[in-house]
Amino acid sequence: LKLQFLYLIAPREAAMRRVAALRRLMAGAACLTTAAGSSSVADVAAVLKNAGRVLVMTGAGLSTPSGIPDFRTPGSGIYDNLQKYSLPYPEAIFELEYFKTNPDPFNEFAKEIWPTGAKYRPNAGHMFIRLLHDKAALLRLYTQNIDGLEYLAGVPPEKIVPAHGSFTSAACTACGASADVAAMKATVLRGGTPRCGACGNFTKPDIVFFGEALPERYFTSLAADLGLGGVGSWIEKEHAVGGPVGPDALLCVGTSLVVQPFASIAEQVSYDVPRVLINREQVGSFGQRPDDYLLLGDLVDNVQALCDTLGWSAELQKLVHSAAQA
């Protein structure tokens, strides 16, 4: 009822924008991108060039060019290559209750992917997001990834919201006491099992396991970045005071959009906000809005083509080269 009332008092210009978007959708089915093809690089470049508050969401596909496998690709995905850990089923490696009884499989896995910059380094996709920040166009980066390559790329921590946690903090799985991350890292990298100094139980990085809640910062940051208020609708965005609120473009990179609630970010942006997908394949509802743009295929190739069009190629190559030499 409250939403219906607020809808009636919404500003005329906001209503007109939504009516225009609806008319484009109804009258212009041809403008919708389908799985059969991608948008032009020039169109995507125009969207990003005119945007000053880009909300970015990323998944495992962003890091596969760095050598880190994704989770679900048959044959090469992480879940298909966990036999050496003798798990009862692949997902057990990220289950809290299983970890409490046997932390060794996760610790061995963590040893492989702990962000050190020695084995895995940022690729052109990470550096493109860094460029968005350098050009004051990055509103926030929401990532499903736990590899930390966004940090290594130079994106400031305050601009990153790791939806599924990160290796930047740690705690005891029993008493909840904070753990020393540096000491835990040293223990894991030498093949040991970190334990809590207070109660002696197992500790782990603050990676979100099955059975755990997402970090509180994910929800508070997302509400602020989308311009949502207590009702959680676009109405508060239209009545906001003190400058622009919410993104003026959404960039979704390298994700299957199947894990909730992360995947819902793409649905929560206002209907009048352009959405850009850079991905191996079409996913989610991308292609169903009149202002959707899809760059399908190889991620690095698409990023490089986009930077060519934007005139950012030299900067991108410099950043990629610096990461390779680090």
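Two residues count as being in contact when they have heavy atoms within 4.5 Å of each other. By that yardstick, in this predicted model, residues 24 or more positions apart account for 67% of the contacts with a separation of 6 or more. The protein is built from 13 helices and eight strands. Of its 326 residues, 48% count as buried.

Let's start with the sheet. Six strands make up an open sheet, and going across it the order reads S3-S2-S1-S6-S7-S8, with parallel pairing. The edges are S3 and S8 (292-296), each of which pairs on one side only. On average, neighbouring strands here are turned by 15 degrees against each other, ignoring direction.

Now for a walk through some of the strand pairs. S2 and S3 run parallel and are joined by three bridges, and here Leu-141 stands opposite Ile-160 of S3. On to S1 and S2, also parallel, which are linked by five bridges; in this pair Val-56 stands opposite Leu-141 of S2. Leu-141 therefore turns up in both pairings, facing Val-56 and Ile-160. S2 itself is mostly covered, with six of its six residues buried. Further along the sheet, S6 (residues 249-253) pairs with S7 (residues 275-279) in the parallel sense over four bridges. Leu-251 has Val-276 in S7 as its bridge partner.Helices pack onto these strands too. Helix H3 (residues 41-49) lies across S1, S6, S7 and S8, and it runs at about 125 degrees to S8. Helix H9 (residues 216-225) has its own set of buried residues, namely Tyr-218, Ser-221, Leu-222 and Asp-225. These four sit on the same side of H9, because they cover an arc of only 100 degrees around the axis. Over on the other side of H9, Glu-216 and Ala-224 are exposed. And what do the buried residues of H9 pack against? Their partners are strands S1 (54-58), S2 (138-143) and S3 (160-162), along with helix H11 (265-268). Just after H9 comes Gly-227, which takes a positive phi of about 75 degrees.

Next up is a pair of helices. Two packed helices are described by the angle between their axes and the distance between the axes. For H6 (residues 124-134) and H12 (residues 299-310), the angle is about 35 degrees and the axes are 9 Å apart. On the H6 side, the residues involved are Ala-124, Gly-125, Phe-128 and Leu-131, and they meet Leu-299, Val-300, Val-303, Leu-306, Cys-307 and Leu-310 of H12. Sorted by class, this contact has nine nonpolar residues, one polar residue and no charged ones. The polar one is Gly-125, because Gly is counted among the polar residues.

The loops have some details of their own. Asn-145 is found in the loop between S2 and helix H7 (149-152). Is Asn-145 buried or exposed? Its relative accessible area is 8%, so Asn-145 is buried, given that the cut-off for buried is under 20%. A polar atom of the Asn-145 side chain lies 2.9 Å from the backbone oxygen of Gly-59. Leaving out residues up to four places away in sequence, Asn-145 touches Thr-58, Gly-59, Ala-60, Leu-62, Ser-63, Glu-150 and Gly-165. Gly-59 thus appears both as a touching residue and as the owner of that backbone oxygen.

Two other loop residues have a positive phi without being glycine. One is Ala-136, with phi near 60 degrees, in the loop between H6 and S2. Ala-136 counts as exposed, because its relative accessibility is 63% and the cut-off for exposed is over 50%. The other is Leu-257, with phi near 55 degrees, in the loop between S6 and H11. Leu-257 has a relative accessibility of 12%, so it counts as buried. The loop between S6 and H11 also holds Pro-261, and the peptide bond from Gln-260 to Pro-261 is cis, with omega near 10 degrees.

Conventions: Residues are numbered from 1 along each chain as its sequence is written. This is a predicted model: local features need pLDDT of at least 70, side-chain atom pairs count only at pLDDT 80 or more; totals for chains, interfaces and linings use all residues. Side-chain values use heavy atoms; hydrogens and water are left out. Buried means under 20% relative accessible area, exposed over 50%, partly exposed in between (1.4 Å probe, protein chains only). The arc is that of the directions from the helix axis to the C-beta atoms. Axes are lines fitted to C-alpha atoms, for helices over the stretch in contact, and angles run from 0 to 180 degrees between N-to-C directions. Two strands pair if DSSP finds at least two bridges between them. A polar contact is a pair of N or O atoms within 3.5 Å; within protein, one must be able to donate a hydrogen and the other to accept it, and residues adjacent in sequence count only if both atoms are side-chain atoms.
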